[in-house]
Amino acid sequence: MLYEIRLNKLQYEDKLLLRNVSLDIEAGEKVLIVGETGCGKTSLLHTLNLMNPGYDGCIKFHGEPIKAHPPDTLRARVIEVMQEPVLGDGSVRQAIEYPLRFHVHRGKSFCNDRIRELLAALRLPDGILDKPVDTLSGGEKQRVALVRAMLLEPEALLLDEPSSALDQSVSAQVADYLLCCWDGAIIGISHDPTWQRKFTHTFTFADKRLLDEKKLQSIPEVTQ
Amino acid sequence: MMEVRTIGLVISFGLMLLPLLIFKYMKLPLIKATGVAFLRMVVQLAVIGLILSYIFRWDHPAITIGWLAFMVAAATYTVLERLELPWTFLLPVVLFPLLLASGSMLAIFAVLVVKPDTAVGYPLVNPRLLIPVFGMILGNSMNATAQALERLASDLKANWRRYYSDITMGARPREAAAPFIRNAMRASQMPRIMNMASVGIISLPGMMAGLIVQGADPTQAIKYQMMVMAGIFVAVTLAVGGTLHLYVGKIFDNWYLPVPTLRRKKGLRP
């Protein structure tokens with residue numbers, strides 16, 4: 001089991017967001033978290049990579065409490081991609097290779113074929129690698145950040161509205177790749193119906209609790 | 001020795017009316033602040049002059065070292081006052097690097113560079129040498145430390161999303177804060193590097209000017225000055241490096257997030 005989440009309370013700072021939450025996430029699963037704005041979706045996501053210390057209960061990652069994992073190791077295995085990613089001020093290639101300087105990623109390197117494969121899968125041209133980051137559109141930045149995260153080969157990605165800056169056709173293709181082709185788990189928040197349909201496991205939150213859990217038996221088909 | 005006579009002092013005080021009249025003419029509300037600052041300068045220097053004359057007269061190692069310790073305490077207090085964090089939080093971060101960096105440089109000065117000739121009975125703890133030199137080393141380290149900490153805190157606040165983004169990809173606090181630590185060191189050292197490059201051409205530094213006015217040979221005065229400037233630069237770098245290192249170790253918790261004090265004071269939130 002990738003995550004076993006048993007929370008009595010989930011808080012952000014001093015605000016109580018959720019009570020009695022119990023959910024399990026398996027390796028490679030594509031999990032969607034649904035609920036109204038402010039219901040605690042993002043805070044829940046952030047408990048999973050130790051970015052929100054405000055909870056009471058136990059979260060296990062591979063059977064071990066997440067607090068027992070060193071934060072850098074855990075966050076190298078479960079990478080969060082921000083809605084408006086920070087890519088620095090160099091070229092796209094520099095932005096992509098930036099995390100390789102972290103101790104936790106030592107020994108890793110990216111081969112050009114893999115970079116090209118992922119760029120193509122997310123409908124980005126090869127030439128984008130030499131472009132300065134600040135000339136990219138919001139949608140391109142989101143996809144570059146996704147490529148960077150996948151190159152680090154994490155077991156799971158935490159995605160908060162990953163398609164917010166993508167146009168319809170690109171968004172569908174990105175969703176197809178991430179949710180139907182990529183091996184790792186995805187735990188995401190999305191209001192985009194194209195994306196929502198492709199998740200295999202959906203948790204719905206309302207009134208400070210888990211309202212509904214839906215699990216698809218088969219993996220949805222690629223649309224294109 | 002050229003002496004300042006009382007009448008000279010009175011006349012120079014009288015000349016202070018001139019800038020005040022200019023402020024009045026410009027309707028610039030600086031008269032009160034200038035007056036207070038001037039008074040403080042006079043009182044502080046008078047008291048220090050009196051204290052130093054006693055310290056030099058007694059010339060006792062314990063008293064001299066006690067005064068040096070008081071100087072460190074005052075410097076630490078000045079830095080803590082400038083920063084917006086609780087002093088219990090910052091005290092060790094500021095005190096130890098200041099004490100160790102400037103203290104060890106002073107010790108090296110006293111033992112190695114000046115070479116007190118014990119055969120003639122020249123004492124190692126000589127207040128006439130140690131107090132002014134320590135004042136220069138400590139004063140510079142103090143300003144640089146405050147500057148560096150202010151810079152690091154403001155950079156971290158302005159680039160909080162960048163820090164956040166780095167740690168969510170597995171960076172450790174020192175890795176994610178590295179660009180800000182570099183900037184803080186640069187910001188605090190740049191003025192000193194510029195100063196080192198331009199010294200002597202336009203302005204003579206205070207110590208050298210003092211020695212020359214007192215009739216010392218300029219070639220002797222520059223030797224003192226070179227020695228002091230090197231000492232200052234080394235001490236500043238060690239103090240700032242030490243403070244930044246300790247500060248970064250203290251502001252992040254086990255999960256690499258800002259400690260509660262910083263979240264409240266600086267508004268850094270995950």
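**Exercise 1. Find the residue that lies over the face of Tyr55(A), and give its distance from the ring centre.**

Start at the ring of Tyr55(A) and look along its normal: Lys67(A) lies over the face, at 4.9 Å from the ring centre. Keep in mind that this is a predicted model. The cut-off here is NZ of Lys within 6 Å of the ring centre, and the value of 4.9 Å for Lys67(A) fits that. Now try chain B, where the charged end of Lys250(B) sits over the ring of Phe89(B), 5.4 Å from its centre.

**Exercise 2. Work out the strand order of the four-stranded open sheet in chain A, and say which strands stand at its edges.**

Step one is the order: the sheet reads S2-S1-S4-S5, and its pairing is antiparallel. Step two is the edges. Strand S2 (15–25) and strand S5 (64–65) of chain A each have a single partner strand, so one side of each has no neighbour in the sheet. Step three zooms in on one end: S4(A) and S5(A) pair in the antiparallel sense over two bridges. Within that pairing, Phe61(A) has Glu64(A) of S5(A) as its bridge partner.

**Exercise 3. Classify the ring pair Tyr3(A) and Phe61(A) as stacked, tilted or edge-to-face.**

Over all chains, the structure holds eight aromatic pairs. For this one, take the centres and then the planes: the centres are 5.1 Å apart and the planes stand at 55 degrees, so the pair of Tyr3(A) and Phe61(A) is tilted. Next, place the rings. Tyr3(A) belongs to strand S1 (residues 3–12) of chain A and Phe61(A) to strand S4 (residues 55–61) of chain A, so the pair ties together parts that are 58 residues apart in sequence. Last, check exposure: Tyr3(A) and Phe61(A) are buried.

**Exercise 4. Do the same for Trp160(B) and Tyr163(B): are the rings stacked, tilted or edge-to-face?**

Here the centres are 5.6 Å apart and the planes at 20 degrees, so Trp160(B) and Tyr163(B) are stacked. Both residues sit in helix H7 (residues 160–168) of chain B, three residues apart, which is about one turn of the helix. Trp160(B) and Tyr163(B) are buried. Follow the rings outward and you get one aromatic cluster, made of Trp160(B), Tyr163(B), Tyr164(B) and Phe252(B).

**Exercise 5. Describe the six-stranded sheet of chain A, from its order to the helix that lies across it.**

First, the order: the open sheet runs S6-S7-S8-S3-S9-S10, with mixed pairing. Its edge strands are S6 (78–81) and S10 (209–215) of chain A, and each of them pairs on one side only. From one strand to the next, the twist averages 15 degrees. At the S10 end, strand S9 (residues 201–206) of chain A pairs with S10(A) in the antiparallel sense over six bridges, and His201(A) stands opposite Lys215(A) in S10(A). Finally the helix: H5 (residues 138–151) of chain A lies across S6 and strand S7 (156–160) of chain A, at about 175 degrees to S6(A).

**Exercise 6. Sum up the build of chain B: how many helices and strands, and which domains?**

Count the elements: chain B has twelve helices and zero strands. Then split the chain into domain 1 (1–58) and domain 2 (60–266). The C-alpha centres of these two domains of chain B lie 28 Å apart. Their contact takes eight residues from domain 1 and nine residues from domain 2 of chain B. To round off, 37% of the 270 residues of chain B count as buried.

Note on methods: Residues are numbered from 1 along each chain as its sequence is written. Chains are lettered from A and ligands numbered from 1 in the order in which they are written. This is a predicted model: local features need pLDDT of at least 70, side-chain atom pairs count only at pLDDT 80 or more; totals for chains, interfaces and linings use all residues. Side-chain values use heavy atoms; hydrogens and water are left out. Two strands pair if DSSP finds at least two bridges between them. Axes are lines fitted to C-alpha atoms, for helices over the stretch in contact, and angles run from 0 to 180 degrees between N-to-C directions. Contact means heavy atoms within 4.5 Å. Rings of Phe, Tyr and Trp (its six-membered ring) pair if their centres lie within 6.5 Å; planes under 30 degrees apart count as stacked, over 60 as edge-to-face and the rest as tilted. Buried means under 20% relative accessible area, exposed over 50%, partly exposed in between (1.4 Å probe, protein chains only). A charge sits over a ring if NZ of Lys or CZ of Arg is within 6 Å of the ring centre and within 35 degrees of the ring normal. Domain bounds come from an automatic or database domain assignment.
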